[in-house]
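Let's work through a few exercises together, each with a solution that goes step by step. Have the sequence and the model open beside you.

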Amino acid sequence: PNMDLITYEEKYVPDGQGFVNLGATCYFNSLLQCLLSCPSIYQTLDSIRDKEHVKQNRLAQNLLKLWDSALKGEPIYNLCVPIWRDIIAISQRQNNRVRMNSGQQDAHEGLMMFLDAMETIPEVRRLFEHRHRIQVFCDLCKECVIDKKETNLVFEAQQDLKTEQLEKFKDIDEFYNTNMSLNDFLRKQNGYIDENHLCEKCGKKCEKFKTTTLTMIPEILPVVFKKYTHKSITPFPATLEFVSKGSQTKLIYKLVAQSEHSGTMMGGHYWAVGLRKSGWQTLNDSSVSQGRAGPTLSTYMVFYHYTGSVQLDVPPEATP
């Protein structure tokens with residue numbers, strides 16, 4: 001694991017304030033409220049605010065203005081507007097991630113648009129970057145034929161915290177018949193590659209067993225629950241713990257925000273439940289009230305933040 005992680009600092013988390021809704025921007029307001037619960041973003045930007053690449057990034061400047069004002073208790077009701085416009089403009093220039101006239105924007109898309117817009121500030125993107133080791137076992141070669149590393153920014157999880165598995169591999173998939181926790185799912189997922197994948201070793205097409213193992217974690221862990229066709233409650237804990245194989249250090253993460261959604265993916269409403277200086281609050285556009293963390297039918301995306309580490313007396317035997 002990366003041992004230079006920025007620890008969660010409550011002094012950089014503002015009290016709750018609401019945002020104006022411009023007419024279909026609840027998804028973005030929900031996302032921005034979740035980001036305000038992740039203080040390492042502000043800590044990073046604040047530490048490099050005098051760097052030229054930060055001065056030239058208008059989004060970074062507007063985000064600093066928002067956070068500075070919020071920490072001082074100044075009104076921020078309209079400060080979400082320039083940030084939203086910056087993200088939309090940058091995203092359209094870069095890769096047209098914005099979905100026009102084909103349903104509602106969602107908070108996950110908003111997060112990816114934000115991270116796209118931070119491309120010129122790698123210090124911020126690094127706060128979200130996690131790495132997996134992907135291994136693929138060929139059923140014909142009877143050995144691992146692919147072993148590579150892949151870096152991502154957001155975790156995606158099925159509602160039942162399982163990945164689809166073929167019948168032929170279920171007897172070797174130790175996770176398939178286990179009631180997995182979110183912590184287990186993030187640490188390791190088993191799945192398969194379909195029969196059309198050509199094995200580079202034997203040159204034949206066949207189904208392949210696939211294992212994805214977490215090997216590096218950052219300060220902020222966003223997890224999106226795939227609630228595209230129906231909604232069910234996916235359990236998630238108040239804290240996550242990760243230990244590197246052979247290490248005596250356990251990394252601790254705590255839940256700091258939830259993006260909630262009612263309706264369908266073609267329409268509905270987003271709001272946030274975020275940890276603020278005065279505790280958990282429900283942040284619903286311009287409305288702010290006391291809130292409560294925890295799984296609901298409406299929970300679409302959750303954010304965990306690194307809070308520190310503890311030393312173990314004996315290294316665990318089988319934790320990647």
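**Exercise 1: strand 6 and its neighbours**

Six of the seven residues of strand 6 (residues 220-226) are buried, so strand 6 is largely enclosed by the rest of the structure. Buried means under 20% relative accessible area, exposed over 50%, and partly exposed in between, with a 1.4 Å probe and protein chains only. The model is predicted: local features need pLDDT of at least 70, side-chain atom pairs count only at pLDDT 80 or more, and totals for chains, interfaces and linings use all residues. Residues are numbered from 1 along each chain as its sequence is written, and side-chain values use heavy atoms, with hydrogens and water left out.

Task: find the strands that pair with strand 6, and give the direction of each pairing.

Solution.
- Start with the terms: helices (H or I, at least four residues) and strands (E, at least two) are DSSP runs, numbered from the N terminus. Two strands pair if DSSP finds at least two bridges between them.
- Next, take strand 3, which runs parallel to strand 6 and is joined to it by four bridges. Here Q158 stands opposite K226 of strand 6.
- Then turn to strand 12 (residues 299-311), which pairs with strand 6 in the antiparallel sense over five bridges. V224 has M301 of strand 12 as its bridge partner.

**Exercise 2: an open sheet**

Task: work out the strand order of the open four-stranded sheet, and name its edges.

Solution.
- The order is 2-1-5-4, with antiparallel pairing.
- Strand 2 (143-152) and strand 4 form the edges, each pairing on one side only.
- From one strand to the next, the twist averages 25°. Axes for such angles are lines fitted to C-alpha atoms, for helices over the stretch in contact, and angles run from 0 to 180 degrees between N-to-C directions.
- Now look at one pair: strand 4 and strand 5 (residues 208-216) share six bridges in the antiparallel sense. One bridge to locate links I193 with K208 in strand 5.

**Exercise 3: the largest pocket and the largest cavity**

Task: which element gives the most to the lining of the largest pocket, and which to that of the largest cavity?

Solution.
- First, the terms: on a 1 Å grid over the protein atoms alone, a cavity is a set of points where a 1.4 Å probe fits but cannot get out, while a pocket is an open set with protein on both sides within 12 Å along at least five of seven lines; lining residues have an atom within 4 Å of a point. Grid points are joined across faces, edges and corners, and a volume is the space filled by probe spheres set on the points.
- The largest pocket has a volume of about 490 Å³. Its lining holds 20 residues, with E156, T163, Q189, K210 and T212 nearest the centre.
- Strand 4 gives the most to this pocket lining, with four residues.
- There are three cavities of 30 Å³ or more, and the largest cavity holds about 70 Å³ of space. Its lining includes T163, F175 and Q189.
- Strand 4 also gives the most to the lining of the largest cavity, with three residues.

**Exercise 4: T44**

Task: is T44 buried or exposed, and what does T44 touch?

Solution.
- Locate T44 in helix 2 (residues 39-47).
- The relative accessible area of T44 is 6%, so T44 is buried.
- Leaving out residues up to four places away in sequence, T44 touches I6, E123, V124 and L127, where contact means heavy atoms within 4.5 Å.
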